[in-house]
Amino acid sequence: MFPIRDHNPSERRPYVVYALIAINALIFALQLPYMGNDRALAEFWANHALYPALVTEYGDYTGILTSMFLHAGWMHIGGNMLFLWIFGDNLEDQMGHVGFLIFYLAAGIAAALAHILAAPHSVVPTVGASGAIAGVMGGYLMMFPRARVDVVVIIVIIFKVFPLPAWVMLGIWFALQVFGGFSTPVEGGGVAFWAHAGGFVAGIALALPLWLRRGGAGFWRQTDGKPPHPDTVYQKSGIPVVIRRRR
C-alpha cells in the first residue's frame, strides 16, 4: 500500500515544501559521485550522518540535524519527497511557512532522538528525511483525519488505486512501523522503524496546539475532518467560521 496523491488543495503555495524538496534533491545530487564507491560514501556520511554512539558517548549532536537531508538511494529520496509533497502542503497552509518549517525540523529532531533511545550505542549510520516526514504525517492525521488519500495496492502483478481516509492509511502505516520496530534488531542496519514511529508521535503532539486553537473537535466538525476549503474565513482566535465544504 503506497500513497500517490490526495485531493485537497491548499490556499497558499507551500514554499517551504518546495524548498525542502529542492534542498534534499540538491544534496542528493552532491552525493551521486560517491554512490558507486562504498568507501567514499562512508567518508562522506562520516561527517553528516547520524551515529547514535557519537551522540551518547561523545556528545556529538551534529548528525541529528544534518542526517535529515541525506538519502541512501533513488527510491529512498523519491519515496520521502513524494510523502512530503502529498502531506506537507495542507499542514503548511494551516501552520504558515515559518511555523511549518519549525514543525518539520522539530519532528525530525524528535525522530532522531527516538532512534538514539532505541539504539544508543549503534555505530550504523542513519540517514534520511523520513523521521521528519513521519512527523508531517502525524500532524496531518491530527488535523485532517478524514482527508481522502489515493493509495496503490499491489497484489502480485495487479495494481489497484483505492481512495482511503487519512486515518486508515496513516494508522496502518504507523502500525507497520511499530511492528517493524519490535521485530527488527535495533542495532543492525535497515529501516529505522523507531525513528519513524517517534517522528509520527511527535508530529501529533506538535500539531495538537494548533488543532486546539482551531477549535479542537469543533474544527473536525466544521471541516468534516478534511483540509479546509481555500475560501475558509477564520476568526481572530483562529477558529474557522465559514467553511465551503467539498462534496
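Met143 is buried, with a relative accessible area of 0%, in a model that is predicted. The residue belongs to helix α7, which covers residues 130–143. Leaving aside residues up to four places away in sequence, Met143 touches Leu91, Gln94, Ala207, Leu210, Trp211, Arg214, Phe219, Trp220 and Gly225. Between Met143 and Ile133, which are 10 residues apart in sequence, the C-alpha to C-alpha distance is 15 Å.

Trp220, one of the residues that Met143 touches, is found in helix α10, made of residues 217–223. At 29% relative accessibility Trp220 counts as partly exposed, because the partly exposed class lies between the buried limit of under 20% and the exposed limit of over 50%. When residues up to four places away in sequence are not counted, the contacts of Trp220 are with Met142, Met143, Pro145, Trp211 and Gly225. Trp220 and Met68, by contrast, are 152 residues apart in sequence and 32 Å apart in space, C-alpha to C-alpha.

Asp224 is placed in the loop between α10 and β4, the latter being residues 233–234. Its phi is near 60°, a positive value in a residue other than glycine, and at 24% relative accessibility Asp224 counts as partly exposed.

The aromatic residues form a further theme. The count of aromatic pairs comes to 13, with ring centres required to lie within 6.5 Å. In one of these, the rings of Tyr15 and Tyr18 have their centres 6.2 Å apart and their planes at 85°, so the pair is edge-to-face. Tyr15 and Tyr18 are three residues apart in helix α1, and are therefore separated by about one helical turn. In another pair, the rings of Tyr34 and Phe44 have centres 5.1 Å apart and planes at 25°, so this pair is stacked. The pair of Tyr34 and Phe44 links distant parts of the chain, with Tyr34 in the loop between α1 and α2 (38–46), Phe44 in helix α2, and their positions 10 residues apart in sequence.

The accessibility of three of these aromatic residues is set out below.

| Residue | Relative accessibility | Class |
|---|---|---|
| Tyr18 | 32% | partly exposed |
| Tyr34 | 31% | partly exposed |
| Phe44 | 19% | buried |

Phe44, at 19% relative accessibility, counts as buried because that class takes in values under 20%, whereas its ring partner Tyr34, at 31%, counts as partly exposed.

Tyr18, which lies in helix α1 (residues 15–31), also has a part in the surface of the model, where Tyr15, Tyr18 and Trp85 make a nonpolar patch of about 350 Å². Tyr15 and Tyr18 thus appear both in this patch and in the edge-to-face ring pair.

Elsewhere, ring pairs link Phe83, Phe87, Tyr140 and Phe144 into a cluster. Tyr140, a member of that cluster, also makes a polar contact through its side chain with the side chain of Asn8, at 3.1 Å. Asn8 has its place in the loop between β1 (2–6) and α1, and with a relative accessible area of 6% Asn8 is buried.

Methods:
Residues are numbered from 1 along each chain as its sequence is written. This is a predicted model: local features need pLDDT of at least 70, side-chain atom pairs count only at pLDDT 80 or more; totals for chains, interfaces and linings use all residues. Side-chain values use heavy atoms; hydrogens and water are left out. Patches are made of residues with over 30% relative accessible area and no salt bridge: like charges are joined within 9 Å, nonpolar side chains (Val, Leu, Ile, Met, Phe, Trp, Tyr) within 5 Å. Accessible areas come from the Shrake-Rupley method with a 1.4 Å probe; for residues, only the protein chains shown count as cover. A salt bridge is a side-chain nitrogen of Lys or Arg within 4 Å of a carboxyl oxygen of Asp or Glu. Helices (H or I, at least four residues) and strands (E, at least two) are DSSP runs, numbered from the N terminus. Buried means under 20% relative accessible area, exposed over 50%, partly exposed in between (1.4 Å probe, protein chains only). Rings of Phe, Tyr and Trp (its six-membered ring) pair if their centres lie within 6.5 Å; planes under 30 degrees apart count as stacked, over 60 as edge-to-face and the rest as tilted. Contact means heavy atoms within 4.5 Å. A polar contact is a pair of N or O atoms within 3.5 Å; within protein, one must be able to donate a hydrogen and the other to accept it, and residues adjacent in sequence count only if both atoms are side-chain atoms.
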